[in-house]
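Thank you all for coming; I would like to spend a few minutes on the charged side chains of one model. Please have a look at the sequence and the structure before I go on.

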Amino acid sequence: MSNVVSRYDVSKLFDDMMLQMDVLEQTMSNSMKIEREEMEEVMKDQIKRLHYTLDEVEKVMKEQKNHKMETKPAIPFNQRAYSVSV
């Protein structure tokens, strides 16, 4: 048995390892890119829903304000300020 490894075998093993590292690096890069794009889409969707919710809240508040103004009794200022029972 010989423990001697040829220079070619070492070189080939090293080249294979470097290729595997390159493939792994590319795979990780692609994975991170896909994950980032997915997160961006989720965030865009959440922002759209938030804008829609805010628009709905503004609409409801405006309706309530208009409703309150419509239901207020039309009492002149003098009667409200100086209501005195005789």
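I will go through the salt bridges and then turn to a charged patch on the surface.

Let me say at the outset that what you see is a predicted model, so please take each of the values that follow as computed from that prediction. How many salt bridges does a search of the whole structure find? The search finds two, and I will take them in turn.

One salt bridge joins the side chains of K12 and D16, with a distance of 3.7 Å from N to O. These residues, K12 and D16, are four residues apart in helix α1, which means that about one helical turn separates them. As for their surroundings, K12 is partly exposed, at a relative accessible area of 42%, and D16 also counts as partly exposed, with 32% relative accessibility.

The other pair is D45 and R49, which form a salt bridge in which the closest N and O atoms are 3.6 Å apart. Here again we are in helix α1, where D45 and R49 are four residues apart and therefore separated by about one helical turn. D45 counts as partly exposed, its relative accessibility being 41%.

Now to the patch: which residues gather in a patch of negative charge on the surface? They are E35, E37, E38, E40 and E41. Taking E37 from this group, we find it in helix α1, which covers residues 7–71. E37 has a relative accessible area of 38% and is therefore partly exposed, and this value lies over the 30% that a residue needs to be part of a patch.

Note on methods:
Residues numbered from 1 in each chain as written. Predicted model: local features only at pLDDT ≥ 70, side-chain atom pairs only at ≥ 80, totals over all residues. Heavy atoms only, no water. Patch = residues over 30% accessible without salt bridge, like charges linked within 9 Å, V, L, I, M, F, W, Y side chains within 5 Å. Areas by Shrake-Rupley, 256 points an atom, 1.4 Å probe, with all protein chains shown as cover. Salt bridge = Lys/Arg side-chain N within 4 Å of Asp/Glu carboxyl O. Lys, Arg positive; Asp, Glu negative; His and termini not counted. Charge placed at Lys NZ, Arg CZ, Asp CG, Glu CD. Helix = DSSP H or I, 4+ residues; strand = E, 2+ residues; numbered from the N terminus. Buried < 20%, exposed > 50% of the residue type's maximum accessible area, 1.4 Å probe, protein only.
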